[in-house]
Structures are given as C-alpha cells and as structure tokens.
Amino acid sequence: MSWATVDFGIGLILSLLENESLLLSGVHGEIEKMKKELLIMKSFLEDINKHGGNGSTTTTTQLFQTFVANTRDLAYQVEDIIDEFAYHIHGYRSCKKLWRAYHFPRYMWARHSIAHKLGMVNAMIHSISDSMKRYSRLKNYQGASSSSPPIDDGGAKWVNNISESSLFLSENSLVGIDAAKGKLTGWLLSPETQRIVVSVVGMGGSGKTTLSATIFKSQSVRKHFESYAWVTISKSYVIEDVFRTMIKEFYKEADTQIPPELYSLSYRELVEKLVEYLQSKRYFVVLDDVWTTDLWREICLALPDGLCGSRVMITTRSNNVASFSYGIGSRKHEVELLKEDEAWLLFCNKAFSGSLEQCRRQNLEVIARKLLERCQGLPLAIASLGSMMSTRMLESEWKTVYNSLNWEFNNNLELKLVRSILLLSFNDLPYPLKRCFLYCSLFPVNYRMKRKRLVRMWMAQRFVEPIRGVKPEEVADRYLNELVYRNMLQVILWNPFGRPKVFKMHDVIREIALSVSKGERFCDIYNNDNDGDDGNAETTEDSCTRHLCMQREMRSSTVSTTNLHTLLVCNKHSIELPSSLKLLRALDLEETAISKLPDCLVTLFNLKYLNVSKTQVKELPRNFHRLINLETLNTKHSKIEELPQGMSKLRKLRHLITFRCNYGQDPTWNYVLGTRVSPNICQLKDLQVMDCFNAEAELIKNLGNMTQLTRISLVMVRREHGSDLCESLNKIKRLRFLSLTSIHEEEPLEIDGLIATASIEKLFLAGKLERVPSWFHTLQNLTYLGLRGSQLQEKAIGYIQELPKLVWLSFYNAYMGPRLCFAEGFQNLKIMDIVQMQHLTEVVIEDGAMIELQKLYIKACRGLESVPKGIENLVNLQELHLSHVSDQLVERIRGEGSVDRSRIKHIPAIKHHFRTDKGSF
C-alpha cells in the first residue's frame, strides 16, 4: 500500500485535533495524548518505508493496508465526533440565559460523551500502535540491513525499469511523434553555443520518455555530440548515485574503463570528475522523470557550460519543473495526447497486429472504437489496452471488458503499468492536494468542472488549509493551479484574462482516482450500474463513503448513510432528498429536476455549501436562517425571486450568487433580473460575493458595512441612489468586480463620486452616462469594461484607450455617433464587442491601435456597410464574428473578388450569423 495514503489516517486525525470545537470540549488531556502517540506512529512508519526490512514485500504491504484502513476509520470517527459536538455547542450557546440553565445538563452530557468517545479512539490508537511495535520486534525491523523498500501501488522501481526499456523500442512501432521529434531535434541541433536545457512535459503515460528515447538514439543527434548519457531520476534520488550513473554512462559510450574508485568518491569529488570530463566537450544528457527543481540546483554545477553547444533534456510531469529558469535559450515542449486517427493506428497495431481487416472480420471495430474513446488519446493506456485485447477474439469478451473497464484498470495485471505510472503522480501530491484531487473524481466522466464551484466545495469540506493573511479562496486557487501544473487536471477553457476557468479529469486518471477513493471510503458514485441483477436496488451499497455523486433517480430511501459530507446530484430524474443527512456539508443540485426544497433542509447544521442553480426551485425554506454555517448559496438561474427573512443570521456566508436572466416578452433592457433581499443582509461581515440584487435605498446606504466584498452586482439602480451608492462603494477597498444596471435605459447612473476604484478589475455599467466618469483614468487594473446604453460621444474613447491592462471591451448600444474611431492605445486589448449601434455607419481602426486584438464581434449594427477600416492592420486577429449585419457589408467580403476581401484574408476564422423567417443561422 502506498505510503501516501497513510495521510488519510494519521494526517487527517492530526489536522482534526486542531479543531476549535475540540478545544472548547474540555478534553485537552486526551487530545495531547493522541497527538503524541500519532506522531510516534508516523515516525515509525516513515522509518519502515525508508529502510524496508527483512520481512517480505507482501507482508509489509499487507501491514500498511491494515494500518491505513484502521487509522482512516478512526479519522472518520473523530471527524464525526467533532461535527456532532459542534452541533451541541451551537445549540447551547444560541439559547438565552434562562434556557441555558435549563439545557446545561444536556450540554454537560454532550461534553462527557465526546470525552468518552475520544477516550475510546485514543485506546484504539494505542492498540494499533502496540500491534505495530510487536510486529516490528517480530520482524526485526530495527537495525536490519537496508534492503529494497516496500513496493507500493506505484511500483516506483519497476516503473523506472519500464521507462528505461523505452531505449530499446523499435521506432517503427511508434505513432504520432514525428512532428514533436522534428521540433525537439531542431532545438538540440541549433547553432547556439551556450548550454541549453530542453524540457519535455506531459501527464504520466503521455509518451515523454518514449519520445525522448527515440531522439536520444537517433544517429543524426548522436553524431552531433561527443558524449551522451541517459539517467532515470527516481523520486527519492540520491545525488551521488545520479552522478555515478552519469559517469558510468559517459564512460560506457566512450568505451572507456569505469574508474575503480567511483563508489568511494564524495559529492565534491564526483562533481570535479564530471566537470573535468565534460568541460571541453559537446555533451547531451537526458534526465528522465524529474519531479522537482531541486535536482537542477544540485546537478547544474556538474554540467559545465563550456560554450560548446551542449544540451540537457529533461522529461517531467510538472509544469513547474518544465518552466523553471534554466538559463538563456531554454525551451519547453508540451506533449500532446494522440489525435483520433493516431490513437486508432496505435490501438490496431497492438490489438490486431496492424491489420484492420482482422478487426473488421471479427466484427470488433465498433466496440474497439468505444474502448479507444475511454483512453482519450493517452498513449500508455492505448498501447496497454490494445495489447491486452489482442488475446480476446470474441465480441462478447470485448463488451465485457468495456463494461468493466474500471475494474480492469485497477485489477488486471496486463494494465498494471498504467495504474502504477499514474499512481506515482498521485503519491507525490501533498496531503491537502490528495483530497482535492480525489474529490474531482466525484463528477461524471468528461464533466466540465468550473473553478469557482470546485473552490467553494473544497472550502466546505475543510480541504483548504489556513494560511495567515491569505484568503481560503486564494489558497484553493493555488491547489487548482498546482494540480494543473502537475498534469493531474486538464484545463479545457481559459478566460480571456489568462486564468483557467473550466477543468476536466482524464478518463483513465478518473477511473484510477475513483478506485483509490472507493478504497479509502472517500468518494463513490451511484448510478444504474449499482443496481442489483434485478434492477430494483434502492439504497447505496456502501453506507460509509463520505462523498457521494448520485447519477440516477433518487428517492428519499436511496441514500441510507447518515455520515455523508457531500451529496452531488447529476441527473435530470426526479429527486427526493433524504432527511437523515445530519452531517452533510455540501449539497449540489445544479441542473436537477427538483422544484421544492424540503423543510428538513434547515436541520443540516453543518451545511456550508448549497447549490440550486438552474433548477425550478421557487423559494427557500422559511427557517433558512438556521443554517448558520452556510458559506455559499448559489441560486443562479433558478426561480427564486426573494431571499427569506433572517439571512443576516448567516454570519459565515461568503458567496451569495442569485443571477437570473429574463426570458420574458420584453427583455431588451432588463435582461438580468435581481433578487429581493432584506437590507439587514449588510450585517454579514464575511460576505465577499453579492451577485445580483435589486438596488433599494436602505440596502445601498448600508452596503459599505460589508468591507470584505470583492464582487457586487446591482440592478434597478435609480439616479437618486447615486450619492449613497458612491459613499458606500468608497468604503469597500478590495472590490474587484462591479456591475451596475439602471432601472431603465434613460435613467442616468450618477457615479461621479466614486473614489475607491484602483482595485477594480472588471466593470460593467448599463445605463446613461451623461459624461465619462472622472475616475476612469484611475482604473489601472481594469481588464474588462462593458458599457451598455451609455450614450457616449466620440471623445469618450480617449478616456478608455490608455487603460493599460484592458483585455476585453464591450460596447452595447453605448455610442451615439455615426463614426467610431480608435486612433491609438488599447495596447493589450484582445477582445472587442460592437453591438446594437443604431447610428453607427463607420468604424475606423488607425494603424498602431489595438495591435494585439484577437477576436472582433460586430452584432446588430445595420447601418454599418463595411468592415472596419484598418482591419487589415490587425495582424493578430484570429476571429471575426458578424451577426445580423447589413447585406452590403456581407457582399463586400463574400467571394474572392469582392471589394473588401483582400482586407480580411489574413483572418483565419470569419463567421456570419443571420436570421430568417426559419430561424437564426
């Protein structure tokens, strides 16, 4: 069993013992005893893991498995004890003095109960510890000579051997590497004389080592260098051993006798020998499977830059390693997954010996392509699965494998390499990231996971470790970025400002992560595959999992477990929520068929995250204010028009999202609908996101009390609100997003009095601006500006063009003149929208303006008869979108001989959307 999973036992308990509720329970003695014993156990197991023992690998692995299972169960017990006691503390402290006296016996009973339960846990910890000590004496671990360490699920040593076997693969058996090989070879043979480091980065199993080995063996590369060495780096490398391997490789390739004193040389002597040997040579070194930048700091002194054109190639799973500053000229190549045709060719080579006719003759092509889809272009998975299927001749056998692919990846010895290589990446994760990563396996296959949703769910589960002076949202963002850098999650959508927005988990990685999650009783999914043979199973099979995803019809009896912390529902079937989930922390019902929340919802004392977005729910339960631990409430695109009274009692609320679109008969102005809420909401000192609410006089006056706000969106703003609105906003110093929409198109936005604008990054103003606000020039951090119905004149462009960080500019019926001229500036602008400009007949972009523009959208500007003058100067423009524009404009660019065709021929993608009686196209 991997040492990494011990974190789910000892590591989790140690973190739980710092909980505030326990410190109030009066059981400090028990807590300190538990901490000391746990730390001793952890040190003992680290020693076993480092030095191995005389016992067999199998026995050691079984020991670890038993230990992890026992400590994990204890950790979950401690977690439940804490949650239960927190409930009693709150109930007691929320009572008035008279009622406190009445309930004092119950409170004391709760304290006695937690002390008793923790005492039992402590006894169990001592029992496990004693068993471990007895085992160590029995197996004579202490003082034993060092032998091979326990092999974990990752099989690190075995994986290293497999990696080096890439050096012996025939190039004829490789698929999809020609372009990358040519690119990397060009970098290696470039004429620069300085030492250059070339990094090859990709997820485990993506073919980094195979690609690098092919280049390393290439005669065209070898004849360019005088010396070369291939060194595989283990996660627990010893730098002296790395140096010795390198020296042996150099001497072997030069057919020179290896120095007999090599194994007695010190670190300094090894460095001196390497420098002496390489100083005047043009050498090529491959460092395969590098995990941290620490290696380079240790090894770079031994790889001299003698200005001979030497090259070092590093393969790694980590973008942090690949992007490290290795010196002038260093380059990075990201390995791409195989395209569909390449993947099919590789699969056929392995499964059918390259014979597609054999595949068709056995009627296997359809099921083979379905199997291939599950690999999602990952070469290692494709090759391993293809080799395994080469012995299956019957279609029924292929279907069986397809239906049980999760089991195959985790149990079939022929697919052991896939699991082992991917588990190495998991085992290398720090403990907080392990939980966050496994939590992502909760979502369905190919699910598009949004950044903010993940961050808020992780926070609700207390996965995010506190860092003084840093918001938990920011810490969670770091976790996400780290998982991306380590190629554990894939970014499938970036926002225009360069920030990852939507993620997915590779299907093969998800299968293995889900297997680990189930083994740890951490996550599970419940779909139609969980049904028994009779198809009538109604309750979850494993009542001990902490986080559950429901992907089938859900009745109140479907979930029998009472200790769930997450319930994620991902289906469009009818839903009946169970009433027994008293420890639930996150309830996510996004896009489900639920139309009414049960009244028992308010009894979920530990609930921190509630998501009913895109549902038909019309109201929240009357006593909603009882959910005092709630941190996130998302009712976006639901039917909820008003929040219940008492919201001000939710003192821990951080994110309140109520955005709704108007799908009514006349949504031309009020296309966004706000939600009504009591002005008492302004008592919430921790609230950071307030999106999107109806502006009312008292609410606006008190808005400044919420100084932690980073995002505010208000609709139905009136002119008379202006003074109080500016005064309140000026008290909020951390505001990053501000959206204000006036009550109707002719209602001016009186916002000249704003001062605290320097922190604003995104600004949307919908309403008449009688003049450009005087503070526009202070928006030095603004990346997005949206203006709608502003009725601006041409001189207003001068206030906007100098904004240094502006990336996205949207004009929605915001300009009144016939001619819109961008004379200069907009140096970082990448996206521009010009929409519903009724008076506009001409757009001019002078040479030198908006030189970085990549996307231009022109929509519903019927008076515009030609594309913008100067569009030919926008050399970086990638997309031009024309929606519901004049026929004259379209005719001027349609066809090779049209008037303006030559001005737009440099644009890769031009899309025309239009409307007819039959619909939009």
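**Close-up views of a predicted model**

**Figure 1. R369 counts as partly exposed, at 31% relative accessibility.** Welcome to the first view, which comes from a predicted model, as do the others. R369 pairs with E365 in a salt bridge, with 3.1 Å between the closest N and O atoms. Both residues belong to helix α16 (residues 365-375), where 4 residues, about one turn of the helix, separate R369 from E365.

**Figure 2. Helix α11 carries a salt bridge between R268 and E272.** Here the side chains meet at 3.3 Å, N to O. R268 and E272 sit 4 residues apart in α11 (residues 267-278), about one turn of the helix. Look at how each partner is placed relative to the surface: R268 is exposed, with a relative accessible area of 61%, and E272 counts as partly exposed at 43% relative accessibility.

**Figure 3. A salt bridge links R453 with E590.** The closest N and O atoms of this pair are 3.8 Å apart. R453 is found in helix α22 (residues 451-460), while E590 belongs to the loop between β12 (586-588) and β13 (609-611), so the salt bridge ties together parts that are 137 residues apart in sequence. Both R453 and E590 are buried. Elsewhere, E872, R892, D900 and R903 form one network through salt bridges that share partners. Over the whole structure, the search for salt bridges returns 30.

**Figure 4. R510 is a buried arginine without a salt bridge.** This residue is part of helix α24 (residues 507-519). For R510, the nearest side chain of opposite charge is that of E511, 4.4 Å away. A salt bridge requires a side-chain nitrogen of Lys or Arg within 4 Å of a carboxyl oxygen of Asp or Glu, a cut-off worth keeping in mind in this view. What surrounds R510, once neighbours within four places in sequence are set aside? Its contacts are S441, F443, P444, V445, M505, I525 and Q551.

**Figure 5. F522 occupies the loop between α24 and β9 (523-526).** F522 has a relative accessible area of 4% and is therefore buried, the cut-off being under 20%. Find T545 as well: F522 and T545 are 23 residues apart in sequence, and their C-alpha atoms are 5.3 Å apart in space.

**Figure 6. Helices α21 and α23 cross at roughly 80°.** A pair of packed helices is described by the angle and the distance between the two axes. In this view, the axes of α21 (residues 431-440) and α23 (residues 472-485) come within 10 Å of each other. The two helices α21 and α23 are therefore roughly perpendicular. Which residues of α21 and α23 meet? On the α21 side they are P432, L433, C436 and F437, and on the α23 side Y479, E482 and L483. Sorted by class, the contact of α21 with α23 comprises 6 nonpolar, no polar and 1 charged residues.

**Figure 7. The whole protein has 29 helices and 31 strands.** Stepping back from the close-ups, we can place them in context. Of the 921 residues in the protein, 54% are buried. When contacts between residues at least 6 apart in sequence are considered, 59% of them join residues at least 24 apart.

Note on methods. Residues are numbered from 1 along each chain as its sequence is written. This is a predicted model: local features need pLDDT of at least 70, side-chain atom pairs count only at pLDDT 80 or more; totals for chains, interfaces and linings use all residues. Side-chain values use heavy atoms; hydrogens and water are left out. Axes are lines fitted to C-alpha atoms, for helices over the stretch in contact, and angles run from 0 to 180 degrees between N-to-C directions. Angles under 35 degrees count as roughly parallel, over 145 as roughly antiparallel, 65 to 115 as roughly perpendicular and the rest as oblique. Contact means heavy atoms within 4.5 Å. Ala, Val, Leu, Ile, Met, Phe, Trp, Tyr, Cys and Pro count as nonpolar, Asp, Glu, Lys and Arg as charged, and the others, Gly among them, as polar. Buried means under 20% relative accessible area, exposed over 50%, partly exposed in between (1.4 Å probe, protein chains only). Lys and Arg count as positive and Asp and Glu as negative; His and the chain ends are not counted.
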